[in-house]
Amino acid sequence: MTKTKTKTILITGASAGIGRHVALAFARRGYDLALAARRLESLEALKAQIAEAHPAVRVEIAALDVTQLDSVTAVIQSLAARFGGLDIIMANAGIGDGGGLVGKGDFARDAAVIQTNVLGAMATVDAAVRLFRQQKNGQVVAVASVAAARGVPGAAAYCTSKAAIAMYADAVRAELHHTPIRVTTLYPGYIDTEMNNKMKRRPFLVTVEDGAERIAKLIERGVQEAAVPGWPWGLVMWLLRRMPTSVIAKQAPFAD
Ligand SMILES: NC(=O)c1ccc[n+]([C@@H]2O[C@H](COP(=O)([O-])OP(=O)(O)OC[C@H]3O[C@@H](n4cnc5c(N)ncnc54)[C@H](OP(=O)(O)O)[C@@H]3O)[C@@H](O)[C@H]2O)c1
């Protein structure tokens with residue numbers, strides 16, 4: 001019997017939160033893992049944890065700051081070379097702490113959100129598609145957010161960043177329509193991580209283990225777009241797009 005080829009997934013922002021737990025979910029599925037983030041020591045610890053629980057899984061790690069746009073392609077190409085190719089690249093690295101209310105806050109922090117969540121994620125998707133065009137196959141995953149559905153008070157830069165990366169992924173999907181390369185856009189709701197654990201309200205919160213397992217399933221199914229969890233966030237996104245500003249102004253569902 002011929003052995004089926006082990007699949008490999010590269011995840012940015014794998015040192016914590018969703019990225020870390022999606023890595024664990026794919027390790028359980030027997031995938032090899034290429035893990036990148038700025039905190040190399042957290043990646044080392046995760047690699048050791050996976051080696052103990054899943055000795056057959058190969059894990060390669062690399063330091064990557066996605067805001068260093070020129071380095072993104074080089075790091076992804078180098079991880080791909082170590083495995084002789086990659087099957088899935090998940091552009092997950094992101095930050096949530098913007099500068100606060102527009103005109104009253106810290107614009108430098110809003111700019112950092114755009115630099116990481118938009119330019120860093122675009123650079124990751126661009127590098128992924130470059131590799132996948134060479135390979136003539138692959139799946140790129142963009143991590144947007146339900147915050148992409150509507151701009152809400154207190155989170156203008158974050159909502160903008162997630163709407164932007166979702167739109168970018170949309171365009172990439174159309175560009176690649178006649179190729180074997182697939183594009184998945186995920187819109188998570190509140191998943192319990194450090195990004196949001198100081199917020200006062202986190203409606204429909206799921207644990208990071210639950211969220212990551214759902215994300216892994218959606219990626220394996222190769223869906224084009226999905227809210228996470230689909231219920232109720234698919235409906236909430238639909239409603240958010242249609243609510244009058246007077247309601248959005250009162251609810252501020254994503255504001256701290
Ligand atoms: N948690 C939620 O409820 C939620 C909801 C919707 C969407 N999301 C999105 O899901 C993604 C992961 O969020 P999370 O909740 O897991 O956040 P988290 O726990 O704060 O983890 C963020 C990860 O991104 C990495 N990262 C941040 N800046 C980076 C940079 N410049 N270069 C490389 N890596 C960087 C961090 O690693 P280092 O610090 O080691 O670099 C860390 O591994 C983000 O894109 C976020 O916007 C989260």
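## Helix packing, a ligand shell and some unusual backbone

Helix 4 and helix 5 pack with their axes 8 Å apart, at an angle of about 15°. That makes helix 4 roughly parallel to helix 5, given that angles under 35 degrees count as roughly parallel, over 145 as roughly antiparallel, 65 to 115 as roughly perpendicular and the rest as oblique. The axes here are lines fitted to C-alpha atoms, for helices over the stretch in contact, and the angles run from 0 to 180 degrees between N-to-C directions. The helices themselves (H or I, at least four residues) and the strands (E, at least two) are DSSP runs numbered from the N terminus.

Before going further, a word on the model: it is predicted, so local features need pLDDT of at least 70 and side-chain atom pairs count only at pLDDT 80 or more, while totals for chains, interfaces and linings use all residues. Residue numbers start from 1 along each chain as its sequence is written.

Back to the pair. Helix 4 passes helix 5 in a right-handed crossing; a crossing is right-handed if the near helix is turned clockwise from the far one by less than a right angle, and left-handed if anticlockwise. On the helix 4 side, the contact is made by Asp110, Val113, Ile114, Asn117, Val118, Ala121, Met122, Val125 and Val129. Helix 5 answers with Ala157, Tyr158, Ser161, Lys162, Ala164, Ile165, Tyr168, Ala169 and Val172. Two residues are in contact if their C-beta atoms, placed from the backbone, lie within 7 Å. By class, this contact has 14 nonpolar, two polar and two charged residues. Ala, Val, Leu, Ile, Met, Phe, Trp, Tyr, Cys and Pro count as nonpolar, Asp, Glu, Lys and Arg as charged, and the others, Gly among them, as polar.

While you're looking at helix 5 (residues 156–175), find methionine 167 in it. Methionine 167 counts as partly exposed because it has 15 C-beta neighbours inside 10 Å. The cut-offs are 20 or more other C-beta atoms within 10 Å for buried, 12 or fewer for exposed, and anything in between for partly exposed, with C-beta atoms placed from the backbone. Methionine 167 and threonine 185 are 18 residues apart along the chain, and their C-alpha atoms are separated by 9.5 Å.

Helix 4 has another partner to look at. The axes of helix 3 (residues 69–83) and helix 4 cross at roughly 40° and come within 9 Å, which makes helix 3 oblique to helix 4. This crossing is right-handed. Leu69, Val72, Thr73, Ile76, Gln77 and Ala80 in helix 3 meet a set in helix 4 that includes Leu119, Ala123, Thr124 and Ala127. The classes in this contact come to nine nonpolar, three polar and one charged.

Now over to helix 1, which packs on helix 6 (residues 208–221) at an angle of about 60°, the axes lying 8 Å apart. That makes helix 1 oblique to helix 6, and their crossing is right-handed. Among the helix 1 residues in the contact are Gly17, Ile18 and His21, and among those of helix 6 are Val208, Glu209 and Gly211. Nine nonpolar, three polar and two charged residues make up the contact.

Next, the ligand. It is surrounded by 32 residues, the closest being Gly13, Gly17, Arg38, Arg39 and Gly94; a residue is near a molecule if its C-beta atom, placed from the backbone, lies within 6 Å of it. Helix 1 (17–28) and helix 4 (107–135) are the elements that give two or more residues to this shell, and helix 1 gives the most, with three. By class, the shell has 13 nonpolar, 15 polar and four charged residues. Arginine 39 is found in the loop between strand 2 (32–37) and helix 2 (40–53). With 14 other C-beta atoms within 10 Å, arginine 39 is partly exposed. Its C-alpha lies 9.1 Å from that of glycine 13, with the two positions 26 residues apart in sequence numbering.

Finally, the backbone. Most residues other than glycine have a negative phi, and most peptide bonds are trans. Lysine 136, though not a glycine, has a positive phi of about 65°, and is found in the loop between helix 4 and strand 5 (138–143). Lysine 136 counts as exposed because it has 9 C-beta neighbours inside 10 Å. Phenylalanine 204 also has a positive phi, of about 55°. A cis peptide bond joins valine 228 and proline 229, with omega about -10°, and the bond from tryptophan 231 to proline 232 is cis too, with omega near 5°.
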